[in-house]
Amino acid sequence: VTAFALTRRYHFSAGHQLASPALDDVENARVYGQCYRPHGHNYFVEVTVSGALDPATGFSADLGELDGVVQRVLLDRVDHYDLSSAVPELDGVVTTGENLARTFWDWLAPALPAGSLRRVAVVETAKNTFEYFGDHPPGRPWETR
Amino acid sequence: MFAASGQIATTENLVRAIWELLAAKIGADRLYRLRLAEDPTLSVEYFGP
């Protein structure tokens, strides 16, 4: 089966603070360091979907639909909000890159064509990127599905 | 080239065409993945037929 993997890159800005409710002040400061202080990021989110080529259009995905879904279920919820206090869907989530990538996956997967989501990557800084692949290990699109 | 073959120059069709050009030169078994970026926000990967 021939498959293509299409990756789209989105941007949002948000504030957050890394703190575990299970830890006290001293322990949170030790575990999270400067991330225990309220701060913000210019996040990028990469969303990869796979699909077979439609010979009539030459497309493997409906880009307009993908953009619309990401806008509605992700960007509208988080852009220019404090992720640690102002996003009800993130209540109880320590907003590390790992947790954000998995949470974004959980928001996107049911809103996209069944089985098409391949990868969500949260780019927190120029140095930190967190990738999540769902239940499937990274690899060629058709080998892990 | 694309117009003559009736193909639409989508990123998917382009990356596949580039794959075929490269495979003919360096061998299909040596190509693993080809990624073509149309702009900083959109790229398509192809892993061969």
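The following passage describes the interface between chain A and chain B in a predicted model.

In this model, 17 residues of chain B are in contact with 19 residues of chain A. The size of an interface is often given as the accessible area lost when the parts come together. For chain B and chain A, the buried area is about 1,500 Å², with carbon and sulfur atoms giving 56% of that value. On the side of chain B, the residues that lose the most area to chain A are Glu12(B), Thr41(B) and Phe47(B), which together account for 36% of what that side buries.

With regard to polar interactions, six residue pairs are counted in polar contact between chain B and chain A, both residues of each pair being at pLDDT 80 or more, whereas the rule finds zero salt bridges across this interface. Two elements of chain B, helix H2 (11-26) and strand E2 (42-46), each give two or more residues to the side that touches chain A, and the largest share, five residues, comes from E2(B). By residue class, the side of chain B that touches chain A divides into nine nonpolar, five polar and three charged residues.

Strand E2(B) also takes part in strand pairing between the chains, since five bridges join it to strand E1 (residues 4-16) of chain A, and the two strands run antiparallel. Within this pairing, Phe4(A) has Tyr46(B) of E2(B) as its bridge partner. Strand E2(B) thus appears both as the element giving the largest share of residues on its side of the interface and as the strand joined by bridges to E1 of chain A.

Notes
Residues are numbered from 1 along each chain as its sequence is written. Chains are lettered from A and ligands numbered from 1 in the order in which they are written. This is a predicted model: local features need pLDDT of at least 70, side-chain atom pairs count only at pLDDT 80 or more; totals for chains, interfaces and linings use all residues. Side-chain values use heavy atoms; hydrogens and water are left out. Contact means heavy atoms within 4.5 Å. Buried area is the accessible area (1.4 Å probe) that two parts lose on being put together, summed over both. A salt bridge is a side-chain nitrogen of Lys or Arg within 4 Å of a carboxyl oxygen of Asp or Glu. A polar contact is a pair of N or O atoms within 3.5 Å; within protein, one must be able to donate a hydrogen and the other to accept it, and residues adjacent in sequence count only if both atoms are side-chain atoms. Helices (H or I, at least four residues) and strands (E, at least two) are DSSP runs, numbered from the N terminus. Ala, Val, Leu, Ile, Met, Phe, Trp, Tyr, Cys and Pro count as nonpolar, Asp, Glu, Lys and Arg as charged, and the others, Gly among them, as polar. Two strands pair if DSSP finds at least two bridges between them.
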